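Visitor: I should like to go through this structure with you and ask, at each step, what justifies the terms used to describe it.

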Amino acid sequence: MRTLLRARLLIVGTGVPPIEDAAMLIGADGRIEWVGTSAAAPRPEAARVVELGPATLLPGLIDSHVHLSFDAGPDHAAVRAVLDYEEQHGLLAARALSNAQMALLSGVTTVRDCGAKGLVALRVRDAIADGLATGPRVVACGMPITTTGGHLHYCGLRADSESDVRRSVRWLAQAGADAIKIVSSGGNMTAGSNPLLPQYPAGVLAAAAEEAHRLGRRIVAHALNARSIRDCFEAGIDTIDHATWSLADGSVGFDAALGARLARSDTTLGLTGSGIMRQLLTDTAGVQELRERLRPHRELLALGARVVVHSDAGVRFTPFDQFILSLHVMEVGLEAARMQVLQSATAHAAVALGLADEVGTLEVGKRADVVCVESNPLEDLNNLRQVRRVWRDGRVVVEDGRLAAPAVDDAR
Amino acid sequence: MLDNPPLVLRARRVFDGTGAPPRHDMAVTIAGERIAAVESCGPDWRPPDQAHTVDCGDRTLLPGLIDSHVHLTMGGGATTRENVERLQREDRDMLVLRAIANAQAVLRGGVTTARDCGGRDLVMVAVRRALERDLFTGPRLLVAGMPVTPTAGHCFWMGLQADTTDEVRRTVRWLCEQDVDFIKVMATGGMMTPGSNPWMAQYSVDDLRVVVDEAHRLGRHVAAHVLSSPGLANVLAAGVDTVEHVYSITGARQDYDPSLADRMARQGLFGSVTAHDGLRSLLPDQPQGDLELLRLRLTVHRRLREAGVRLLLHSDATGPPTAFDSFGLGVEVLVRGMDVPLHEAIHACTGLAAEALGVAGETGSIAPGKRADLVLLDGDPTVDLTAMRRIYEVFRNGELVVQDAQMVPVLNRN
């Protein structure tokens with residue numbers, strides 16, 4: 001059955017001004033058939049009409065970098081200890097599903113898992129896709145490819161030589177990974193891995209990208225320092241996440257010439273609004289520090305690069321229902337317009353995930369992944385907290401804080 | 001939760017789970033996780049101070065139901081055979097996710113306590129731990145892990161086989177070490193395992209005594225799968241706690257032995273009626289409905305009841321055709337197929353089941369001090385029995401967990 005939604009405002013997600021007194025027609029196949037003003041809306045017979053009054057409709061949010069198997073504990077060591085314990089006791093699948101559902105309840109309809117212990121994120125993806133559980137669309141990378149002792153090595157996939165890395169990409173594709181995650185520099189979460197230097201030479205990254213692309217997968221890299229960012233770009237990595245541009249002395253650098261090339265390319269750059277960044281929002285000094293740390297992203301945005309905000313949920317004090325705070329980090333840290341922030345977390349994120357034809361905007365032909373909030377988030381991003389209803393593929397999956405039971409025919 | 005004001009459910013009809021007929025115009029007060037008061041609403045009745053009172057209208061209040069026999073790691077196929085194949089093929093994480101989905105379906109069906117009588121490997125122990133860690137909302141779980149069965153025995157494909165007396169003893173100890181809640185032992189072969197022979201005993205009395213002695217020593221009760229008299233004779237001699245199925249209800253042969261029924265009643269062992277799809281589908285309003293056949297299938301269980309055997313009601317759900325979310329149909333099976341009064345049928349899956357499972361101090365009846373595990377049916381089952389299918393709300397530990405067939409998630413508990 002088709003559904004006609006009517007609401008005061010509709011944010012398309014492409015960056016165009018919002019549609020006032022809007023209507024949207026969702027087809028029986030769960031895709032968007034028509035979007036425009038209510039007055040001009042077609043009136044198909046046998047369509048259910050849903051009046052949403054003063055509410056705002058916007059594309060389901062896309063959190064392009066999360067770790068479903070992590071528990072968002074108080075510090076890096078605790079997160080890792082819980083990860084090991086829960087893996088050993090068979091609890092990770094439940095943890096990952098719970099995290100995914102928390103994201104969905106907050107209006108996130110697609111997540112990309114950028115590295116889990118084992119293949120648990122693939123199983124959660126399948127359980128949701130098969131209708132066993134209600135949850136967001138999950139794009140799963142499986143285990144991140146890293147070096148022995150490298151960042152996230154405890155997820156279980158270590159590859160040191162170029163041939164090991166190629167085989168790892170192939171193995172992940174064979175296991176059913178949707179995308180490939182490679183850890184190009186060390187990370188703060190893994191003591192002893194050096195975030196300021198590359199883990200892999202540029203040639204190995206290029207081999208990984210070549211294999212991933214040959215097998216039809218996009219490849220996302222963790223990159224914290226200037227050299228790793230350059231290497232990832234040269235290697236043809238599709239998404240460079242974090243991109244903090246840390247220099248050897250710990251300061252933040254930015255290479256304007258490389259930035260200009262990045263902005264002209266199809267490469268997307270991830271902006272991490274994790275708990276540690278969110279904490280800086282609380283006072284003036286923090287905001288100043290936040291702006292200094294995010295100077296590269298601000299310049300990239302000004303240059304026209306696709307900057308995609310993500311939460312890194314699952315890492316220390318970054319729970320899954322707080323993506324809205326990551327959006328605040330972008331708004332405040334980059335002094336970005338709210339429409340730019342929303343575009344980043346919807347349309348641009350869809351590009352980063354290779355799903356631009358499927359989700360990310362409320363345009364004809366896209367899957368109807370829609371969030372309904374009580375008031376206009378363009379006036380205040382906090383309005384995204386009042387999630388009234390969420391649709392995935394045209395089906396109501398969240399209503400008034402309740403998760404719909406799977407396989408119940410309640411497409412409204 | 002404890003900071004919330006008490007919630008008073010004012011209900012026109014309350015089955016309290018003790019086996020008594022329904023009580024009328026009652027107020028049940030929930031404070032935190034437990035039931036604080038159960039009162040008649042006389043003309044002078046006033047709700048307690050600062051309580052939030054909800055009038056349940058024509059809805060009927062029951063204790064949260066107890067399904068004493070499910071297999072939550074199964075399902076996903078179109079047939080039982082497919083379910084068995086899938087169970088052996090899927091990896092641990094997938095089975096955990098499947099069991100969570102099934103547990104939530106069970107909860108939506110009004111069941112707030114489910115006893116899992118065997119799954120693959122130790123998946124159900126992990127699932128119960130996940131529940132304890134609030135990683136999902138589900139019914140209270142009692143899990144056996146894997147059933148104790150011999151090589152080639154019923155459900156050998158769940159992953160555990162024990163043949164000799166020493167192996168049986170070590171297996172029971174090992175299961176307890178792995179933190180199971182009770183022991184399930186397969187005393188005869190079973191229908192789901194072709195070639196296991198349901199009409200013969202799989203274990204001697206001596207081996208079953210070892211199972212019972214070890215389990216009881218370690219504080220666990222024993223549930224025995226039994227489909228025929230040779231197995232029943234052995235479990236009666238060994239003194240297990242609950243007898244699952246007792247006799248087949250599939251229309252296959254039944255070697256009912258009245259002397260065993262008398263002995264079972266004397267010893268006070270709990271028997272059970274397996275109201276799975278084979279019986280549910282015979283309810284008169286179902287497509288294959290056939291009341292006469294339903295009553296025929298339950299002949300033996302009617303005789304067991306007449307002999308004084310206390311019978312629990314369970315579903316033995318393994319996924320469609322026996323859906324996890326339709327436990328209430330079993331109550332209709334008892335009422336229609338065995339002429340059991342409605343309040344007694346409800347007792348068989350509330351108070352009586354709680355007693356058999358050793359959880360009567362916590363749940364199974366609507367009484368002060370018990371956990372607030374409650375079900376609100378849409379309608380009056382004393383007038384229209386099919387109200388047993390219409391679960392409107394479910395409370396577990398005082399928390400509203402299901403409303404209108406949707407899960408009510410509880411966030412940020414971790």
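Visitor: Among contacts in chain B between residues at least 6 apart in sequence, what percentage join residues at least 24 apart?

Guide: The figure for chain B is 71%. Please bear in mind that this is a predicted model. For chain A, 70% of the contacts between residues at least 6 apart join residues at least 24 apart.

Visitor: What makes chain B as compact as a globular protein of its length?

Guide: Chain B comprises 13 helices and 17 strands. Its radius of gyration is 21 Å, and the globule rule gives 22 Å for 414 residues; the two values are close, so chain B is as compact as a globular protein of that length. Its C-alpha trace spans about 65 × 50 × 40 Å along the principal axes, and 57% of its residues count as buried.

Visitor: How do you know that chain A agrees with a compact globule?

Guide: Chain A has twelve helices and 17 strands. A compact globule of 412 residues would have a radius of gyration near 22 Å, and chain A has 20 Å, which agrees. Along the principal axes, its C-alpha atoms fill a box of roughly 60 × 45 × 40 Å. Of its residues, 59% count as buried.

Visitor: Which strands of chain A form the open sheet of five, and in what order?

Guide: The order is E9-E10-E11-E12-E13 in chain A, and the pairing is parallel. Strand E9 (179-183) and strand E13 (306-310) of chain A are called edge strands because each pairs on one side only. On average, neighbouring strands of this sheet are turned by 30° against each other, direction ignored.

Visitor: How do you know that strands E11 and E12 of chain A pair?

Guide: Pairing requires at least two bridges between the strands. Two bridges join E11(A), residues 239-246, to E12(A), residues 268-272, so the criterion is met, and these strands run parallel. Within E12(A), Leu269(A) stands opposite Ile240(A). Helix H6 (residues 226-235) of chain A packs on the sheet, where it touches strand E10 (218-225) and E11 of chain A; the direction of H6(A) makes about 160° with that of E10(A).

Visitor: Why is E9(A) described as largely enclosed by the rest of the structure?

Guide: Five of the five residues of E9(A) are buried, so the description follows. Ala179(A), Lys181(A) and Val183(A) point one way, Ile180(A) and Ile182(A) point the other way, and all are buried. E9(A) is joined to E10(A) by five bridges, and the two run parallel; Arg218(A) in E10(A) is the bridge partner of Ala179(A). Together with helix H5 (residues 202-214) of chain A, these two strands make a right-handed β-α-β unit.

Visitor: What makes strand E9 of chain B mostly covered?

Guide: Strand E9(B), residues 182-186, has five of its five residues buried. Phe182(B), Lys184(B) and Met186(B) point one way from E9(B), while Ile183(B) and Val185(B) point the other way, and all are buried. Five bridges join E9(B) to strand E10 (residues 221-226) of chain B, and the two run parallel. Ala223(B) in E10(B) stands opposite Lys184(B). The chain passes from E9(B) to E10(B) through helix H5 (residues 205-217) of chain B, in a β-α-β crossover that is right-handed.

Visitor: Why does Thr361(A) count as buried?

Guide: The cut-off is 20 or more other C-beta atoms within 10 Å. Thr361(A) has 23 C-beta neighbours inside 10 Å and therefore counts as buried. Thr361(A) lies in the loop between helix H12 (338-352) and strand E14 (370-373) of chain A. Leaving aside residues up to four places away in sequence, Thr361(A) touches Val12(A), Gly13(A), Thr14(A), Pro59(A), Thr346(A), Ala347(A) and Lys366(A).

Visitor: How many residues does each chain bring to the contact between chains A and B?

Guide: Chain A supplies 25 residues and chain B supplies 23 residues. Helix H2 (92-105), helix H3 (120-129) and strand E17 (402-403) of chain A each supply at least two residues of the side that touches chain B. The largest share of that side, nine residues, comes from H2(A). The residues of this side of chain A divide into 17 nonpolar, four polar and four charged.

Key: Residues are numbered from 1 along each chain as its sequence is written. Chains are lettered from A and ligands numbered from 1 in the order in which they are written. This is a predicted model: local features need pLDDT of at least 70, side-chain atom pairs count only at pLDDT 80 or more; totals for chains, interfaces and linings use all residues. Helices (H or I, at least four residues) and strands (E, at least two) are DSSP runs, numbered from the N terminus. Axes are lines fitted to C-alpha atoms, for helices over the stretch in contact, and angles run from 0 to 180 degrees between N-to-C directions. Two residues are in contact if their C-beta atoms, placed from the backbone, lie within 7 Å. A residue is buried if 20 or more other C-beta atoms lie within 10 Å of its own, exposed if 12 or fewer, and partly exposed in between; C-beta atoms are placed from the backbone. A crossover is right-handed if, with the strands pointing away from the viewer, the path from the first strand over the helix to the second runs clockwise. The radius of gyration is taken over C-alpha atoms; the globule rule is 2.2 Å times the number of residues to the power 0.38. Ala, Val, Leu, Ile, Met, Phe, Trp, Tyr, Cys and Pro count as nonpolar, Asp, Glu, Lys and Arg as charged, and the others, Gly among them, as polar.
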